[in-house]
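Biologist: I would be grateful for a close look at the charged side-chain pairs in this model. Please treat one pair in detail and then set the others beside it.

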Amino acid sequence: MQDIISISQNKCKQCYSCVRNCPAKAVQIESGQAKIIYSRCINCGKCIKSCPQEAKIVIDSKGKTLSILRENDTVIACIAPSFIVSFHKYNYKKIVGALKEVGFSEVWEVAVGAEYIIKAISHHIKDKENNLFLSSPCPAFISLIEKHYPEMIKYLLPFVSPMIATGKIIKKLHKNKNIKIVFIGPCVAKKCEALEPQFNGIIDSVLTFDELKDIFAIKGINIENAKEMDFDSIYCNEGKLFPLSGGLLANFKSLYNLEESECVVIDNDNDCIELINAIKAGKFKSKFVDVLMCRGCIDGPKIDSSLNYYERVNKIYEYIKDSIKKTKKLNIELDFIRYYRNKRSILPYPTENEIQRILNMTNKFTREDELNCGACGYSTCRDKAIAVLQGIAEVDMCLPYLISKKTKLVEQLSETLKETENLKDELEAVIESSYDGFVVTDGKGRILKTNSAWRKMVGYETKKEESVKDIESKNIIFPSATLLVLKEKRRISFIQHSHNGKEYLATATPIFDSNSSIKMVVTNIRDIDELNRLRDQIEETRKLQKYYKETKSRTYNKEYHNENIVANSIEFGEVLSLASSVAKVDSTVLILGESGVGKEIVANFIHNLSTRKDKPFIKINCGAIPYNLIESELFGYETGAFTGAKKKGKPGLIELAHEGTLFLDEIGEIPLNLQVKLLRVIQERKIMRIGGIREKYVDVRIIAATNRDLYSMVQKGEFRADLYYRLNVVPIEIPPLRKRKTDILPLCYHFLEIFNSKYRCSKRLSKTVERILEDYNWPGNVRELENLIERVVVTTPSEVIDVKDLPMFLLENTSDYCKKVDIEGIIPLKEAVELVEKKLIEKAYRKYKSTYEMAKVLGVNQSTVVRKIQKYIKSNALEHD
């Protein structure tokens, strides 16, 4: 048998709603996730209706049906009478016309088969006065009997369902023709019934109403515009009552004289089980039972209707009144008999000792301990224990048991915490009593602890969550021993300066975790007044003061300056010009550009210049919201829409942007299934919350942004074409930073001013650094530039940011080696050559172990290297070898 219902594991959230609502107990819990036991499943669809996460998936028949329509000349649609409930907005003739548009040759009502089945049942029971008859067009109830209560088969009337009967009638009237039949209804179990071997070749495909609506959408069919057409089926009137609870019985009473006490209507799964138990116990006295697992087919698991139950009932009666036919019924002789099989799959029943052992595992030792709360999905603790032993449930499904485990764990943690606090107090006492100054940081340089000796020597009280970067940027201590250790990943000792003019011998030691990553740095300092280099650094700062003032007085912002917008290039000026023009109207804007070019800044710019500037500006990063939450975040949800939902519901981000601007960042990442709903928002300005029944009007201005090629995605089927063209009304493409070089320095000084203010310093760029930054390609665009400026501001010890302070990748990306030599003043050429030569020899001497290695790197003979060492460093140059 085909597996009709499956489960999406990533959506299953351990709520056990499916266990609780499955009348056949055909749901197995394994590692907290639900699984269908197909040998027990009756395909009633209760798990689908009750699942708050929509994790239950019904087999899709759309592809099979479309293939049948393409490959066959004559395809007939059989539609259940309950269709008028699902398509309640339209006249039934519109639905028939739409089905013809899809490609169906004829459209029949399944009510035809219902009337012939009524006649067959009437003849069958006419002379059997003392028998009990169970009559049901419901395949889920038939499966319940065959799989779980086969001893009740003898009471079932041996007739096919209206769906199979209608198929047989169509085949009879179209004999000798190659036709295909597609059934359309609200029932999941019908998909399984059509696959029964005894019905082979009658129904070729089964669609649910929501699948039919999807096919209309795929084919681009608007029901409202469809031509009104009537059914092609033969006479049927009374059979249209079949989708209602007791509909079969209402027809049957008119043909066969039964007293009211002899007839019973069952229309829910609990009553079905109760009926079976009553019959088995010999406590049921009626003669005829009309059985359905739902409150009629109008309440089927796939009815897909926003009407309440009573509105659905009224809709059926209105439909019957509007579609009465006066033609005569044809006299068709057909065999409508079916057979039933014992399909029972018996689970092992445990012993009493085994049951008690499982109960004891969850702290249930007496009857009073068995709370029978039902949180696990089973009615009693005993039923759940039996299910555990049968392998379809887990011990940890018990909520009271989990709460008790949590309480014990909290107690254990409390004891551990007390021990930890004692150890912490002891350690702090040791650190505080030390004569040396101590500062302890985490692996990112955030200060965890300082002792009183350190605070006294440095003369500074650290603030909460302050980092050594902050202290270094304020010149409290410099350079930071902690930052150097984090960079070098080794123990370091050197002379450290303080803002109060003192110098210290600082020793910083890294502490590594099991992954060889630094988790803490411990630095201790000792005062050594005889060493003082602070005076030289202050003198250097004074010499550079005049140049700094001249640099700071420059202004690069031209024409456009709005919040964080810095525009100096013609290319970016054109972008802002277009943005300011489109800001005055409500047209949809699509901002394109590489990551980091400033798409959000431009979106803000448009909003602030628009008439909606005083209204909300809601930003949604479509790539940042988890897949299983994005729909609820965008569209919101109503009360009780799913497990974990707020009691009062929650408005979505789109709803919050009402009368304002909605910025959809990373629009290329939005899932295909939500693109249809988003398209409706753009087209009709309407949304519907999850679990809602009414649409809400939203007045929003849409601005979307992406760094992906949406057109290519459309070609590949990864993005809806209709949504793409709706978004691409006014495209604005922001050129990357490498194509607008004149913006680089203005942006540098813009960010320099921000970070100087933030870290309370006055850093500036040297001329050589300016040239290097202008020549760099900036693959990360403005975001990379901003991060680099912050980096050099906090890591450069001097006021002037020079070439030596830049990351190596900036120097490696330039082919101009002259930029590695910084020239500030003018000196005689011969003296300059000797100065550069001396610096190179000293640098190579410190780096390489032999003169041969130095000669190879410098590109000269080894003898030349020896002479230069003797000239600039020492006389015994050969000792270097």
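Which side chain meets that of Asp 214 in a salt bridge, and what is the N to O distance?

Modeller: The model is predicted, and the values that follow are computed from it. The partner of Asp 214 is Lys 62, and their side chains meet in a salt bridge at 3.7 Å, N to O. This pair links distant parts of the chain, since Asp 214 belongs to helix α10 (residues 209-219) and Lys 62 to helix α3 (residues 62-71), 152 residues apart. The two ends differ in their surroundings: Asp 214 is partly exposed, with a relative accessible area of 37%, whereas Lys 62 has 16%. Lys 62 is therefore classed as buried, the cut-off being under 20% relative accessible area. As a matter of principle, side chains of opposite charge can pair when their charged atoms come close.

The structure holds 43 salt bridges, and two further ones may be set beside this pair. Glu 432 forms a salt bridge with Arg 455, and their closest N and O atoms are 3.8 Å apart. Here too the pair links distant parts of the chain: Glu 432 is in helix α16 (residues 399-432) and Arg 455 in helix α17, 23 residues apart. Glu 432 is partly exposed at a relative accessible area of 31%, and Arg 455 is partly exposed as well, at 22%.

The other example joins loops. Glu 638 forms a salt bridge with Arg 689, with 3.8 Å between the closest N and O atoms. Glu 638 lies in the loop between β20 (636-637) and β21 (650-651), and Arg 689 in the loop between β23 (686-687) and β24 (696-697), so this salt bridge ties together parts that are 51 residues apart in sequence. With a relative accessibility of 27%, Glu 638 counts as partly exposed, while Arg 689, at 15%, counts as buried. Both residues also belong to a network of salt bridges that links Glu 638, Glu 655, Arg 689 and Lys 696.

A lysine outside these examples may be added for its setting. Lys 464 is found in the loop between α17 (452-458) and α18 (468-473), and Lys 464 is exposed, with a relative accessible area of 78%. The C-alpha atoms of Lys 464 and Arg 446 are separated by 9.5 Å, these residues being 18 residues apart along the chain.

Notes:
Residues numbered from 1 in each chain as written. Predicted model: local features only at pLDDT ≥ 70, side-chain atom pairs only at ≥ 80, totals over all residues. Heavy atoms only, no water. Helix = DSSP H or I, 4+ residues; strand = E, 2+ residues; numbered from the N terminus. Buried < 20%, exposed > 50% of the residue type's maximum accessible area, 1.4 Å probe, protein only. Salt bridge = Lys/Arg side-chain N within 4 Å of Asp/Glu carboxyl O.
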